[in-house]
Amino acid sequence: AEPIRQRFYRVPIEKKESQNEEVQYLLDNNLAEPSFSSWSSPCLLVKKSDGTFRFCTDYRKLNAVTKPDSFPLPRIDD
């Protein structure tokens with residue numbers, strides 16, 4: 001498929017600081033690394049029930065072009 005490059009969502013100022021902290025945490029702990037790929041999906045913050053934010057990535061357009069695996073994992077019952 002042709003690379004999918006989505007525009008990033010606008011982030012309110014009050015969420016921007018939380019988003020920057022989360023990105024910095026991921027980079028500092030080697031859970032993420034900078035990328036220069038032609039594929040991109042936007043990130044967003046979703047409020048959890050305790051009032052904190054969950055860092056999420058919107059892969060809906062990527063999932064739309066992903067072909068399903070023709071060899072699924074075996075069932076644990078088998």
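The exercises below, each with a worked solution, concern a predicted model of a protein chain.

**Exercise 1. Overall fold**

Task: State how many helices and strands the protein chain has, and give their order along the sequence.

Solution. Start with the inventory: the protein chain contains two helices and two strands. Next, read from the start of the sequence to its end, which gives the pattern α-β-β-α. The radius of gyration is 16 Å, well over the 12 Å that the globule rule gives for 78 residues, so the protein chain is more spread out than a compact globule. The spans of the C-alpha trace along the principal axes are about 50 × 35 × 25 Å.

**Exercise 2. Surface, contacts and charge**

Task: Find what share of the residues is buried, what share of the exposed area carbon and sulfur atoms supply, and how far apart the centres of the positive and negative side chains lie.

Solution. Step one: of the 78 residues in the protein chain, 12% are buried. Step two: the exposed area is about 7400 Å², and carbon and sulfur atoms supply 53% of it. Step three: there are 12 positive and 12 negative side chains, and the centres of these two sets are 9 Å apart.

One further figure describes the contacts. Among contacts between residues at least 6 apart in sequence, 58% join residues at least 24 apart.

**Exercise 3. S41 and C43**

Task: Decide whether S41 is buried or exposed, do the equivalent for C43, and list the contacts of each residue.

Solution. First locate the residues. S41 sits in the loop between α1 (13-28) and β1 (43-47), while C43 belongs to strand β1.

Then apply the cut-offs. Buried means under 20% relative accessible area, and partly exposed lies between that and 50%. S41 has 16% relative accessibility and therefore counts as buried. C43 has 22%, so it counts as partly exposed.

Last, list the contacts, leaving aside neighbours within four places in sequence. S41 is in contact with Q6, F8, T57, D58 and Y59. C43 is in contact with F8, Y9, Q19, F55, C56 and T57. F8 and T57 appear in both lists.

**Exercise 4. Q19 in its helix**

Task: Say where Q19 is found, whether it is buried or exposed, and which residues it touches.

Solution. Q19 is part of helix α1. Its relative accessible area is 11%, so Q19 is buried. Not counting residues up to four places away in sequence, Q19 touches V11, C43, L45 and F55. The contact with C43 links helix α1 to strand β1, as the list of Q19 contacts shows.

**Exercise 5. Salt bridges**

Task: State how many salt bridges a search of the whole structure finds, and describe the partners in each.

Solution. The search finds two salt bridges. One joins R60 and D58, whose closest N and O atoms are 2.8 Å apart. The partners in this pair differ in accessibility: R60 counts as exposed because its relative accessibility is 62%, whereas D58, with a relative accessible area of 9%, is buried.

The other salt bridge joins D77 and R75, with 2.9 Å between the closest N and O atoms. Here both D77 and R75 are exposed.

**Exercise 6. The backbone at N30**

Task: Explain why the phi of N30 deserves a remark.

Solution. Begin with the general rule: most residues other than glycine have a negative phi. N30 is not a glycine, yet its phi is positive, at about 55°. Then place the residue: N30 is in the loop between α1 and β1. With a relative accessible area of 69%, N30 is exposed.

**Exercise 7. Two residues of helix α2**

Task: For K61 and V65, give the contacts and one C-alpha distance each.

Solution. Both residues lie in helix α2, which covers residues 60-65. Neighbours within four places in sequence are again left aside. K61 is in contact with I4 and Q6, and V65 is in contact with A1 and I4. I4 therefore appears in both lists, by the 4.5 Å contact cut-off.

For the distances, K61 and D78 are 17 residues apart in sequence and 34 Å apart in space, C-alpha to C-alpha. V65 and D50 are 15 residues apart in sequence, with 35 Å between their C-alpha atoms. V65 is partly exposed, with a relative accessible area of 39%.

Technical notes
Residues are numbered from 1 along each chain as its sequence is written. This is a predicted model: local features need pLDDT of at least 70, side-chain atom pairs count only at pLDDT 80 or more; totals for chains, interfaces and linings use all residues. Side-chain values use heavy atoms; hydrogens and water are left out. Helices (H or I, at least four residues) and strands (E, at least two) are DSSP runs, numbered from the N terminus. The radius of gyration is taken over C-alpha atoms; the globule rule is 2.2 Å times the number of residues to the power 0.38. Buried means under 20% relative accessible area, exposed over 50%, partly exposed in between (1.4 Å probe, protein chains only). Accessible areas come from the Shrake-Rupley method with a 1.4 Å probe; for residues, only the protein chains shown count as cover. Lys and Arg count as positive and Asp and Glu as negative; His and the chain ends are not counted. The place of a charge is taken as NZ of Lys, CZ of Arg, CG of Asp or CD of Glu. A salt bridge is a side-chain nitrogen of Lys or Arg within 4 Å of a carboxyl oxygen of Asp or Glu.
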